[in-house]
Amino acid sequence: MLSIKNLHTSVVGKPILKGINLEINAGEVHAIMGPNGSGKSTLANVLAGRENYEVTQGEVLYMGLNLLDWSTEQRACEGIFLAFQYPVEIPGVSNIYLLKAAVNARRKYQGLPDMPAVEFLRLIREKAKVVEMKEEFLHRSVNEGFSGGEKKRNEILQMAVIEPTLAILDETDSGLDIDAMKIVADGVNSLRNPERAFIVVTHYQRLLDYIVPDFVHVLAEGRIVKSGDKLLALELEREGYGWIEKEPVAKSVGA
Amino acid sequence: MTTAVDHYVTAREAISLPGSGQGWLDALRGSGVSKLREDGFPTLSNENWRYTNIRPILRQTFNPAPSARKESGHEEFAGLILPELHSHRIVFIDGHYARALSSLDHLPAAITVEPMATAVACGRNGVKEWLGKCIPEDSSGFTALNTAFIEDGLYLHLASDIHVQHPVEVVFFTTKTGGQLVQPRNLFIIGENSRVHIIERYVSTGVDSHLTNSVTELVAENSAVVEHTRLQEEGGRAFHVGGLFMRAKGNSHVISNNVALGSMIARTDLTIALADEGACCTLNGVYLGSGRQHIDNFTQVDHQVPHCKSDEFYKGVLTDRARAVFYGRVIVHEGAQHTDAQQQNRNLLLSADAEVDTKPQLEIYADDVKCSHGATVGQLDESATYYLRTRGIDETTARSLLTWAFAADVINRISSTPVRNHVEGILGKKLFGVERLEELV
């Protein structure tokens, strides 16, 4: 599904990613771990299409096509979703309006008419239950005055409604207590299926107790330095990131 | 400057006004003439007018429209009513009461809605007592000009303990004749413990310039709840100067929605005196400037006594070469302890040539108060644009949506859905060429 080859990225002239190689297939969950400043969020955002993130080398193929040629919105319409580390507050735009706009933008891209209002409302109500979000939240402005946990649950709600092909979760666990994390993880797990892949960016192993990954990659100084299965995350939890710097650059993994 | 003053003083002498011969009224009008003679019109050296050059207004000569013209302009007006709004409507054309266009059949008995010309001539309840009383000492020559000419406008008197269900809507429509001086003079007295929403609309469609110079005085008696929505949507070559001078008595709540969309040069002076304990005001404002429009909102909140609350929230969107001014003065008088005064002014500039001058000014002469203010001028939030784009919304739509949301934040504070829809419609047409938010996506 996604093939990242020797990806180099600079942000405001400063090299952040220095040769990322990663293969992701449908149905897989890949965890990206690493110390602060290792480039985890940059990787998430360069895939989503953040402007001013300059790709200086390498390529990214999504479904065999050159992802980096596409605008941010085109990537979204093609099925890529980014759950933000810091979801943006948008006063004056209601949650439900954003969801409707997102659903219909994608349908328009696919040449489909707008989703009928009744069907849309049924969909939203059903998905809101999954993340235990009260209906009143749907009518509030996007993320405005939401607690940290509510913002993250809102990201998962959007993901559940949009039903992406490749979902990227950027530190979705940061700032969450254990109950909120379980709700978020349940939301993600309910969306796992053989056609969908996930990239779970996280600093801590904790989230991976609930979203069990197929592969774990350790990112340090803009490179993947080690890859393994879920046991690698446990090892990191025990040992910390201190030993990482000594490791040689790993080969890409994934089937 | 003198020439403009001379012109208007001469014009004043040439016409006869309703109710003249009553000592108090003659004296009031006379005070307007003498204040205008003494002070003249404001210049840039006047601190309250330093960002608004009114010389283009004074360069032209405007004349009061004769009342005979009121029968024309009906066809022009027909398309301008808000069809979804169920209101008690009173219409003035070129400043004169147009009975045929008004619909006042279903008014509750406890409310008097009639032309000021009748109210001053017949000495209605509260007219003598209140007319001219809400105007601050330092008001401008424009206010004096209006006072000199007190002729017509809306007189509204609401008895105590009445809840008026539908809004009272007063529409001042200026025809395409051009060159008119239209000077509505309104007085709204809201009785104790009563509730009403008053909508004051200024519309014109003509391509020729005219000058609207209105003055509204509003008195909220004890425990009254008044919503006042001012919609200024005059034509692109109009000059609009408007005063809204309010007095809130004990435990009353005044909600002012000040919407400035039209005119070439538009200035409003809005003052409110929180005169007795427990008085409270919410001042919402939204202004949208495009082309070469100049929109100036001067506001002043007077906390005269303890335990009053004011919450002011003004937002502006400027594009092209438009310019806006916000002057937010809050005075907490000596002894006005436990005052709660909040003020926010936020501006969104959509083009490099748009400009805004914002000037919050808090003057606090009491020591146990809660006051805050904030002013921002900025562009659209790039992180919000990015966020929307990652949800599949294209860049142009994302920007329009964020602009819309920025303004809707204030527009949504207007209680009447048809009025909100109308304002959003104008915003949509002005900025994006669509009338409803739904059309954007």
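Biologist: What is the strand order in the open sheet of four strands in chain A, and what pairing does it have?

Modeller: The order is β2-β1-β4-β5, and the pairing is antiparallel. This is a predicted model, by the way: local features need pLDDT of at least 70, side-chain atom pairs count only at pLDDT 80 or more, and totals for chains, interfaces and linings use all residues. Residues are numbered from 1 along each chain as its sequence is written, with chains lettered from A and ligands numbered from 1 in the order in which they are written.

Biologist: What makes β4 and β5 of chain A a pair?

Modeller: Strands are DSSP runs of E with at least two residues, helices are runs of H or I with at least four, and both are numbered from the N terminus. Two strands pair if DSSP finds at least two bridges between them. β4 (residues 53–62) and β5 of chain A have two bridges, in the antiparallel sense, so they qualify. One bridge partner pair is A:Y62 with A:L65 in β5(A).

Biologist: Why do β2 (14–24) and β5 (65–66) of chain A count as edges?

Modeller: Each has a single partner strand, so one side of each has no neighbour in the sheet.

Biologist: How do you know that β9 and β10 of chain A pair, and in which sense?

Modeller: Five bridges join β9 (residues 166–170) to β10 (residues 197–201) of chain A. The rule asks for at least two, so they pair, and they run parallel. A:I168, for one, stands opposite A:I199 in β10(A). They belong to an open sheet of six strands, β6-β9-β10-β3-β11-β12 of chain A, with mixed pairing. β6 (80–83) and β12 (223–228) of chain A each have a single partner strand, so these two stand at the edges. From one strand to the next, the twist averages 20°.

Biologist: Which strands does α1 of chain A lie across in the six-stranded sheet, and what does its angle refer to?

Modeller: α1 (residues 40–48) of chain A lies across β3 (29–33), β6, β9, β10 and β11 (215–220), at about 145° to β9(A). Angles run from 0 to 180 degrees between N-to-C directions, with axes fitted as lines to C-alpha atoms, for helices over the stretch in contact. α1(A) also lies across β1 (2–11), β2 and β4 of chain A, at about 70° to β4(A).

Biologist: What makes the α3–α6 crossing in chain A right-handed or left-handed?

Modeller: A crossing is left-handed if the near helix is turned anticlockwise from the far one by less than a right angle, and right-handed if clockwise. α3(A) and α6(A) cross right-handed. Their angle is about 35° and their axes are 10 Å apart, with α6 spanning residues 148–162 of chain A.

Biologist: Which residues of α3(A) and α6(A) are in contact?

Modeller: Contact needs C-beta atoms, placed from the backbone, within 7 Å. Among those that make it are A:L99, A:V103 and A:R106 of α3(A), and A:Q158 and A:I162 of α6(A).

Biologist: How many residues does each chain bring to the contact between A and B?

Modeller: Chain A brings 21 and chain B brings 17. α3(A) gives the most to the chain A side, with seven residues.

Biologist: How confident is the model in chain A?

Modeller: pLDDT is the predictor's confidence in each residue, from 0 to 100. Chain A has a mean of 90, and 95% of its residues reach 70 or more. Confidence is lowest in α8(A), at a mean of 83, and highest in α2(A), at 97.

Note on methods. Two residues are in contact if their C-beta atoms, placed from the backbone, lie within 7 Å.
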